[in-house]
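Reader: I am new to this structure and would like a friendly walk through it. Could we take it one question at a time?

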Amino acid sequence: MVTMTILTNSIFPFLLLIAAITVSLCHGNSNVLCIESEREALFKLKNDLIDPSNTLSSWVEGVDCCHWNGVVCHNSTGHVLQLHLPASFSPPSDWAPLAELEDYRHSALEGKINPSLLELQHLNWLDLSNNNFSSIQIPEFLGLLGSLTYLNLSQARFQGAIPRNLGNLSQLQYLDLRGIYLSEEVKSLQWVSGLSSLRYLDLSGIHLGKATDWLQVTISNLPSLLELHLSGCMLQDDTSPISTANFTNSLAVLDLSWEEIIFSSYVDTWSSLSCVA
């Protein structure tokens, strides 16, 4: 087994910038009233979710939705910009202690994701990570949220397949699908090519053994990509032609840990990078 992580410059300044923007917005909306239609859209979202830990207990009439838990509004327009709704605990393994399993089940949102999200036309950040959506697929309508720059569905236990129309999110800069439970094999990553603004991509734990275009698509076709995680994806050699000329110069982190592919084909391509086993 080969374990490899290829690292160059740090991506932390970019991630810290995202955090700083988030904090600024959170502290800037204290006097803002949310948009009525967007409040109603959030109520529809809440009504389709099962919430055993009462994460959404603040989502009630009489309270401005800009002050609801997990909701961030623009500090002058009142439009909903961000939804931070991750579960408190990551999904445990099936053989974890019963108490750990119960803690997770009590913390995670379940149910359905209402397409009322589409009424949040200014939404640029959506985090549903670690929740328990094991009864549904990743909703295709997420590919219509054209303002999204950040999407985190990691370990949210979605079933089915990755909707190809996620590739329509041309403004997306951060995409984390790590550890979701797909019941359909991924045969191609061509949809990723549409994510022209992407800087961070994590598909770790998703079976990509039949997606032999992984190298061409993720490394050659994403000019802004800084960080790529494909750990434990059971990758095979990319059969498409690739050269040093079309290898992205922006890549800072490449994680191919827990892979068994033969790297000798790409030695020339990666010769300028430092390798850490």
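Author: Gladly, and please keep in mind that this is a predicted model. Let us start with a bond between two cysteines: a disulfide joins Cys66 to Cys73, with an S to S distance of 2.2 Å.

Reader: Which hand does the link of Cys66 and Cys73 have?

Author: Look along the S-S bond that joins Cys66 to Cys73. The angle about that bond is -100°. The link of Cys66 and Cys73 is therefore, with Cys66 buried at 3% relative accessibility and Cys73 buried at 0%, one whose hand is read from that angle: left-handed.

Reader: How many disulfides does a search of the whole structure find?

Author: Besides the link of Cys66 and Cys73, Cys34 and Cys65 form a disulfide. Numbering the bonded cysteines of the protein chain in sequence order gives the pairing 1-2, 3-4. The search of the whole structure finds a total of two.

Reader: How far apart in sequence are the parts that the pair of Cys34 and Cys65 ties together?

Author: The sulfur atoms of Cys34 and Cys65 are 2.3 Å apart. Cys34 lies in the loop between α1 and α2, and Cys65 lies in the loop between β2 and β3, so the pair ties together parts whose separation in sequence is 31 residues.

Reader: Is Cys34 buried or exposed?

Author: A residue counts as buried under 20% relative accessible area. Cys34 has a relative accessible area of 10%, so Cys34 is buried. Its partner Cys65, at 0%, is likewise buried.

Reader: Which residues have the most contacts inside the largest nonpolar core?

Author: In soluble globular proteins, nonpolar side chains tend to be buried together. Here the largest nonpolar core has 66 residues. α2, β3, β4 and α4 each supply at least two residues of this core. Those with the most contacts inside it are Leu42, Leu83, Leu117, Leu189 and Leu208.

Reader: What is Leu189 in contact with, leaving aside its neighbours within four places in sequence?

Author: Leu189 is one of the residues with the most contacts inside the largest core. Leaving aside those sequence neighbours, its contacts are Leu203, Leu208, Ala211, Asp213, Trp214, Val217 and Thr218.

Reader: And where is Trp191 found?

Author: Trp191 counts as buried, at 9% relative accessibility. Not counting residues up to four places away in sequence, Trp191 touches Ile162, Arg164, Leu166, Gly167, Leu175 and Leu177. Trp191 and Val217 are 26 residues apart in sequence and 8.6 Å apart in space, C-alpha to C-alpha. As for its place in the chain, Trp191 is in the loop between β8 and β9.

Reader: How do β4 and β6 run?

Author: Let us come to β4 from β3: three bridges join β3 to β4, which run antiparallel, and Val72 stands opposite Gln82 in β4. Gln82 also stands opposite Trp125 in β6. Three bridges join β4 to β6, and these two strands run parallel.

Reader: How many of the residues of β4 are buried?

Author: β4 is joined by bridges to β3 and to β6. β4 is mostly covered, and the count of its buried residues, out of five, is four.

Reader: Which residue in the hairpin of β3 and β4 takes a positive phi?

Author: This hairpin has six residues between the strands. The positive phi, near 85°, belongs to Gly78.

Reader: How many aromatic pairs are there, and how far apart in sequence are the parts that Trp125 and Tyr150 tie together?

Author: The count comes to six aromatic pairs. Trp125 and Tyr150 form a stacked one, 3.7 Å centre to centre with 5° between the planes. Trp125 lies in strand β6 and Tyr150 in strand β7, so the pair ties together parts with a sequence separation of 25 residues.

Reader: Which residues do ring pairs link into a cluster?

Author: Trp125 is buried, and so is Tyr150. Ring pairs link these two with further rings, and the cluster is Trp125, Tyr150, Tyr174 and Tyr200.

Reader: Which residues does the UniProt domain annotation cover?

Author: The annotation comes from an unreviewed UniProt entry and reads "domain: Leucine-rich repeat-containing N-terminal plant-type". Over that stretch the chain is 32% helix and 13% strand, and the end C-alpha atoms are 13 Å apart. The residues covered are 36–73.

Conventions. Residues numbered from 1 in each chain as written. Predicted model: local features only at pLDDT ≥ 70, side-chain atom pairs only at ≥ 80, totals over all residues. Heavy atoms only, no water. Disulfide = S-S within 2.5 Å. Buried < 20%, exposed > 50% of the residue type's maximum accessible area, 1.4 Å probe, protein only. Core = buried A, V, L, I, M, F, W, Y, C linked by side-chain atoms within 4.5 Å. Contact = heavy atoms within 4.5 Å. Phe/Tyr/Trp six-rings, centres within 6.5 Å; stacked < 30°, edge-to-face > 60°. UniProt positions renumbered as here; feature names shortened; annotations may be inferred. Pairing = 2+ DSSP bridges.
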